[in-house]
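Student: I have a structure open in front of me and I don't really know where to start. Could we go through a few spots together?

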Amino acid sequence: MPYDTILRLPQTWGYILSKTFTDPVWFFITDWFAIYLVSKGFKLEESLMGFWVPFLAADVGNFFGGGLSSHLIGRGWNVGAARKFIAIVGTLGMMCLIPTVWTTSFAVIVSCFAIATFAYAAFSTIILNLPADLFPSPSVASVSGMGGTGAGLGTIGAIYLTGWVADRYSFEPILLGASLIPIVALAAVLLLVRN
């Protein structure tokens, strides 16, 4: 399909917005998790035991998102409903970053980040499937590239904003934002992506 046709479709914007507002959460965690732990008073060498946990959780989340979606489709759910269910579960899971603002427990912080990365990865797996679910084969790469561009721009802005806010205030507003901004991605999927 020509680009002007692709860009007129609401599902294109649902995909682009969902990538734009979820990928920055992942890159915040990968780039800032160690610094966040230090800001909470943990010595980096002491926190290495838990540092890998959110990344392992993300690996499991990738399999969970795709596996549960396939399971639901196999049980008679239509593809769109199965994908949207994972998007809802993923968004709720990413909100688990909120409790880290008020706790000083290393185990709780690592657990909350692990749940958030698990949920992000499950949601992200579904988002990555959307172009193939929604568009004819010759247009899948074009739509995927647009989503990647949105994700890249969103991540660049979020990483810059994270540094600026952390230097002037703290990580707390960032964690609250990282927990809530996926709601925009979820809204884009629920409202703009049509079966």
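Tutor: Let us settle one term before we begin: Ala, Val, Leu, Ile, Met, Phe, Trp, Tyr, Cys and Pro count as nonpolar, Asp, Glu, Lys and Arg as charged, and the others, Gly among them, as polar. Please also keep in mind that this is a predicted model.

Student: OK, so how do the residues of the lining of the largest pocket divide into nonpolar, polar and charged?

Tutor: The lining of the largest pocket divides into 11 nonpolar residues and 4 polar ones, with no charged residues. The largest pocket is lined by 15 residues, and A158, L161, G177, A178 and I181 are the ones that lie nearest its centre.

Student: Which elements give two or more residues to that lining?

Tutor: Those elements are helix 3, helix 8, which covers 137–168, and helix 9, which covers 172–180. Helix 8 gives the most to the lining of the largest pocket, with 5 residues.

Student: And what volume does the largest pocket have?

Tutor: The volume of the largest pocket is about 300 Å³.

Student: You mentioned G177. Where is G177 found, and how far is G177 from A158 in space?

Tutor: G177 is found in helix 9, and its C-alpha is 10.0 Å from the C-alpha of A158, although the two residues are 19 residues apart in sequence. G177 has a relative accessible area of 32%, so G177 is partly exposed.

Student: Let me switch to another glycine, G41. Where does G41 lie?

Tutor: G41 lies in the loop between helix 3 and helix 4, the latter being residues 44–51. Because its relative accessibility is 61%, and exposed means over 50%, G41 counts as exposed. If you compare G41 with L161, they are 120 residues apart in sequence and 22 Å apart in space, C-alpha to C-alpha.

Student: New topic: rings. How many aromatic pairs does the count come to?

Tutor: The count comes to 13 aromatic pairs. One of them is formed by W26 and F55, which are edge-to-face, with 5.9 Å from centre to centre and 75 degrees between the planes.

Student: Why does the pair of W26 and F55 tie together parts that are apart in sequence?

Tutor: W26 lies in helix 3, residues 23–39, and F55 lies in helix 5, so the pair ties together parts that are 29 residues apart in sequence. As for its surroundings, F55 counts as partly exposed because its relative accessibility is 22%.

Student: What about F33 and F113, how is that aromatic pair arranged?

Tutor: F33 and F113 form a tilted pair, with 4.5 Å from centre to centre and 40 degrees between the planes. The pair links distant parts of the chain, since F33 is in helix 3 and F113 is in helix 7, residues 106–134, with their positions 80 residues apart in sequence.

Student: Are F33 and F113 buried or exposed?

Tutor: Both F33 and F113 are buried. They also belong to one aromatic cluster, whose members include W26, W32, Y36, F55, Y120 and F171 as well.

Student: Now something smaller. Where does S69 lie, and what does the side chain of S69 join in a polar contact?

Tutor: S69 lies in helix 5, which runs over residues 53–74, and a polar contact of 2.6 Å joins its side chain to that of R83. Setting aside neighbours within four places in sequence, S69 is in contact with F64, A82, R83, I86 and I126. With a relative accessibility of 0%, and buried meaning under 20%, S69 therefore counts as buried.

Student: H71 is in helix 5 as well. Is H71 buried or partly exposed?

Tutor: H71 counts as partly exposed because its relative accessibility is 44%. Its C-alpha is separated by 8.8 Å from that of A82, which is 11 residues away along the chain.

Student: Last one, S139: what does its side chain reach?

Tutor: S139, found in helix 8, has a side chain that reaches the backbone nitrogen of M1 at 2.9 Å. Apart from neighbours within four places in sequence, S139 is in contact with M1 and I6. Its relative accessible area is 1%, so S139 is buried.

Key. Residues are numbered from 1 along each chain as its sequence is written. This is a predicted model: local features need pLDDT of at least 70, side-chain atom pairs count only at pLDDT 80 or more; totals for chains, interfaces and linings use all residues. Side-chain values use heavy atoms; hydrogens and water are left out. Helices (H or I, at least four residues) and strands (E, at least two) are DSSP runs, numbered from the N terminus. Buried means under 20% relative accessible area, exposed over 50%, partly exposed in between (1.4 Å probe, protein chains only). A polar contact is a pair of N or O atoms within 3.5 Å; within protein, one must be able to donate a hydrogen and the other to accept it, and residues adjacent in sequence count only if both atoms are side-chain atoms. Contact means heavy atoms within 4.5 Å. Rings of Phe, Tyr and Trp (its six-membered ring) pair if their centres lie within 6.5 Å; planes under 30 degrees apart count as stacked, over 60 as edge-to-face and the rest as tilted. On a 1 Å grid over the protein atoms alone, a cavity is a set of points where a 1.4 Å probe fits but cannot get out, and a pocket is an open set with protein on both sides within 12 Å along at least five of seven lines; lining residues have an atom within 4 Å of a point. Grid points are joined across faces, edges and corners, and a volume is the space filled by probe spheres set on the points.
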